[in-house]
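Here are a few exercises to work through with the structure open beside you. Try each task before reading its solution.

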Amino acid sequence: MTTEKNKIEISGLDLYYGKFHALQSVSMPVQKNLITALIGPSGCGKSTLLRCLNRMNDLISGVKVTGKVLLDQSDIYSPTFEVTELRKRVGMVFQRPNPFPLSIYDNVVYGLKVAGMNNRKKMEEIAEKSLMGAWLWDNVKDKLHHSALELPLDQQQRLCVARLLAIEPEVILMDEPCSALDPIATMKIEELMLELKKNYTIVIVTHNMQQAARVSDFTGYMLLGKMIEFNVTKDIFTRPKEKLTEEYISGKYG
Amino acid sequence: MMRLNPRYVQRGAVFVLGGATVLTLLILIFIIFFILEKGLPVLTLNFLTGNPEDLGRKGGIFPAIIGSIILPLLAILIATPLGIFTSVYLSEYTRESKLTRLIRFGTDCLAGIPSIIFGLFGYIFFVITLEMGWSILSGALTLAVMILPTIIRTSEEAIRAVPKTYREVSFSLGATGWQTVKKVILPNALPGIVTGIMLSIGRSIGETAAVIFTAGSSLRLPTSIFDSTRTMAVHFYILAREGISQENAYGTAATLIIAVLLVNLTAYWLMNRFIAKRRS
Ligand SMILES: Nc1ncnc2c1ncn2[C@@H]1O[C@H](COP(=O)(O)OP(=O)(O)OP(=O)(O)O)[C@@H](O)[C@H]1O
Ligand SMILES: [Mg+2]
């Protein structure tokens, strides 16, 4: 794990929800153009850790964060780091597909508009490119101005990916992006992730260990707010170093 | 104890609920019908466009119609931005605390105060202290103060009802707080906000107590916002109360009811168009 390949470096990260110590001295690297998976039982802090990477936890009152998160070597929690800038570079796909109640087109260009773009031609080009990038273009090219809510769930989720691709992030965070989808739609998203990793760095939270094993290059196993083990995915699933990890992946609990 | 058969309970419930609905509708229809029956015969073009003569015994109600348009309109124009900004501030820019709860409690209390109190307040504050006299301005400001709590509370509820995920997504795409408010929260809260505004328009059109003390009851056509004016509701009140003319009182009431209906219909139409446009 050489440092210059690390897109993100988390070190000694602690997070409190009020008095509750939700992340305890977590450290973990995220390598560029690879997929890093976070696994662990419900409530262990996977989503919390993920949301630290684009500072979405800032929106919750009473959250306190200490420690370091470096994005390309600069600390995203330093007061001089512009949080809207950070979120353009580190984007997020949520657990449930959540398009705005707007047209498909307006969803895709939302991020561009808030970034101040108003060149219609340019926005149309980017929208097409992003929808293609999310493998959705053929499904929606004839109904760009229909409501996004008319799409089936899996297409809504890919629309959320397209909406993110439009702002050209460097890192994509995915919090259980397939949990609302059926197996076929899940497979499609997984294939899409493998394609996206050529250009993006991906961190995914998943409950599904097979999914982590299938798509990720590195895996972190978390338990009760601690990072128990972080390693190459193959090693985590074939010869875990920690007893706790072994218990989890062999299905003893979780 | 005897256990009632759920089927009968269910039927009884349907009967009671349905009965209440039918009764409400009947009362409403009866009132509208009663007033239109007595008022419509008086309603002619001359009545709507003519000036009142002999204190309203003869002639039309044109100045009162103008008063009933200008006063609520001005009040809404003043109260809507204030109310929406306040509710946005309360729900998006402050954390839930003792202070926000106190403010909410205060607005709830204000919303329940009888309008005549607002009338007296407007008289003392706008008419006397600020020396605005009996004028459209005093009346509109008083009405604005009166409807402000309603607009704040309905807007706040509407804003709270916007799904949290919309905010999260917007922020996660690099939007600022204000961009999120402007592009996501307000458009999605709009139907609720408009409902509050409609309620307020209805309330100000029908208002007498708060208006008579502040805008006065001049029968002349106003030429500026510093002139006194008389609304239809006040006109109706004076005609009926002082026994000037029963027929013209009902004519005024009928005009008022039709006006309120028209305002509501237009609002629903506009809102449906807006929603349809956003969805497609
Ligand atoms: N806003 C919050 N306020 C207080 N506690 C919270 C908040 N969000 C999460 N927690 C707590 O922090 C812990 C970690 O939550 P988190 O959502 O990160 O878990 P998770 O690993 O993503 O779980 P899941 O697999 O169920 O999504 C849990 O105990 C949870 O109850
Ligand atoms: Mg989670």
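**Exercise 1.** In this predicted model, work out which residues of β9(A) point one way, which point the other way, and whether they are buried or exposed.

*Solution.* Start with the general rule: side chains in a regular strand alternate between the two faces of the sheet. Now apply it to the strand. F218(A), G220(A) and M222(A) point to one side of β9(A), while T219(A), Y221(A) and L223(A) point to the other. Next, check burial: every one of these residues is buried. Since six of the six residues in β9(A), residues 218-223, are buried, the strand is largely enclosed by the rest of the structure.

**Exercise 2.** Find the strands that pair with β9(A), and give the sense of each pairing.

*Solution.* Take β3(A), residues 35-39, to begin with: four bridges link it to β9(A) in the parallel sense. In this pairing, L38(A) sits opposite G220(A). Then turn to β10(A), residues 226-232, which runs antiparallel to β9(A) and is joined to it by six bridges. Here T219(A) faces N231(A). Finally, look at the turn: the hairpin of β9(A) and β10(A) has two residues between its strands, and L224(A) adopts a positive phi near 45°.

**Exercise 3.** R87(A) is buried yet has no salt bridge; find the nearest side chain of opposite charge, then see what the arginine side chain reaches instead.

*Solution.* First locate the residue: R87(A) belongs to helix α2(A), residues 83-89. The nearest oppositely charged side chain is that of D58(A), at 4.5 Å. A salt bridge requires a distance within 4 Å, so this pair does not qualify. Now look for backbone partners. The side chain of R87(A) comes to 2.7 Å from the backbone oxygen of R55(A), and one of its polar atoms lies 3.0 Å from the backbone oxygen of N54(A). To finish, list the wider surroundings, leaving aside neighbours within four places in sequence: the contacts of R87(A) include M56(A), L59(A) and I167(A), along with F171(B), S172(B) and G174(B) from chain B.

**Exercise 4.** How many disulfides are there over all chains, and why is C44(A) not bonded to C52(A)?

*Solution.* The count is zero over all chains. For C44(A), the closest cysteine sulfur is that of C52(A), and at 13 Å it is too far away for a bond. Then compare their surroundings: C44(A) counts as buried because its relative accessibility is 2%, and C52(A) is buried with a relative accessible area of 0%.

Notes. Residues numbered from 1 in each chain as written. Chains lettered and ligands numbered in written order. Predicted model: local features only at pLDDT ≥ 70, side-chain atom pairs only at ≥ 80, totals over all residues. Heavy atoms only, no water. Buried < 20%, exposed > 50% of the residue type's maximum accessible area, 1.4 Å probe, protein only. Pairing = 2+ DSSP bridges. Lys, Arg positive; Asp, Glu negative; His and termini not counted. Polar contact = N/O pair within 3.5 Å; in protein donor to acceptor, adjacent residues only side chain to side chain. Contact = heavy atoms within 4.5 Å. Disulfide = S-S within 2.5 Å.
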